[in-house]
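Here is a quick tour for anyone opening this structure for the first time. Have a look at the picture, then read on.

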Amino acid sequence: MEYLYKREVSILDSGVYHDRKYFIISLGSHPCAYVEFHNEFERGGDEWYDTPCHGSITYDDYAYWDENDETYYIGWDYAHSGDYLPYNVFGKKWTTQEVLENVKEVIDYLNKFAGEVV
């Protein structure tokens, strides 16, 4: 993850982990993570919002980064108190690998919650 002072969207990593697609995206100033949201949960329900992601779920929609991707995603960002941002230069800078580890943790949680233990 290269931190920038301007908004510049780029995909840092993507793939499939335990049957769920994921994306790690840089918005320039900070990274964000997105994981595929299956229909096993009610989208309006809040039981899955306790996922062990950084901060909390801040995205709940289709892929804005690819208009051809009809997958529904939940996501979160790394722009909270204590995180590096252009106005908080002493905050933590997250690596793509650290974000990926959090993505895997969230996917494992969702799969376990849905009874899809792998």
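## Two strands to start with

Let's begin in the middle of things: strand β2 (residues 20–26) pairs with strand β3 (residues 31–36) in the antiparallel sense, over five bridges. Across that pairing, Ile24 stands opposite Ala33 in β3. Keep in mind that this is a predicted model.

## The whole sheet

Zoom out a little, and β2 and β3 turn out to belong to an open sheet of five strands, ordered β1-β2-β3-β5-β4, with antiparallel pairing. At the edges sit β1 (10–17) and β4 (59–62), each of which pairs on one side only. On average, neighbouring strands in this sheet are turned by 20° against each other, ignoring direction.

What else is there besides strands? The protein's secondary structure comes to one helix and five strands, and from the N terminus on the elements run β-β-β-β-β-α.

## The helix on the sheet

That helix, α1, packs on the sheet and touches β1, β2, β3 and β5 (72–77). The direction of α1 makes about 150° with that of β2.

One residue to look for in α1 (residues 96–113) is Asn111. Is Asn111 buried or exposed? Its relative accessibility is 1%, so Asn111 counts as buried, the cut-off for that being under 20%. A polar atom of the Asn111 side chain lies 3.2 Å from the backbone oxygen of His18.

## Inside the protein

Now for the nonpolar parts. The largest nonpolar core has 21 residues, and the ones with the most contacts inside it are Tyr22, Val35, Trp76, Val99 and Val103. Two or more residues of this core come from each of β2, β3, β5 and α1. Which element gives the most? That would be α1, with six residues.

Val103 makes a handy place to explore from: setting aside neighbours within four places in sequence, Val103 is in contact with Tyr22, Ile24, Ala33, Val35 and Trp76. So the facing pair from the start, Ile24 and Ala33, shows up again here because both are in contact with Val103. There is also a second, separate core of nine residues, which includes Phe23, Leu27, Cys32 and Trp65.

## The big picture

The protein has 118 residues, and 45% of them count as buried. Among contacts with a separation of 6 or more, 56% are between residues 24 or more positions apart. As for the outside, the accessible surface comes to about 6500 Å², with 47% belonging to carbon and sulfur atoms.

Methods. Residues are numbered from 1 along each chain as its sequence is written. This is a predicted model: local features need pLDDT of at least 70, side-chain atom pairs count only at pLDDT 80 or more; totals for chains, interfaces and linings use all residues. Side-chain values use heavy atoms; hydrogens and water are left out. Helices (H or I, at least four residues) and strands (E, at least two) are DSSP runs, numbered from the N terminus. Buried means under 20% relative accessible area, exposed over 50%, partly exposed in between (1.4 Å probe, protein chains only). A polar contact is a pair of N or O atoms within 3.5 Å; within protein, one must be able to donate a hydrogen and the other to accept it, and residues adjacent in sequence count only if both atoms are side-chain atoms. Two strands pair if DSSP finds at least two bridges between them. Axes are lines fitted to C-alpha atoms, for helices over the stretch in contact, and angles run from 0 to 180 degrees between N-to-C directions. Contact means heavy atoms within 4.5 Å. A nonpolar core is a set of buried Ala, Val, Leu, Ile, Met, Phe, Trp, Tyr and Cys residues joined through side-chain atoms within 4.5 Å. Accessible areas come from the Shrake-Rupley method with a 1.4 Å probe; for residues, only the protein chains shown count as cover.
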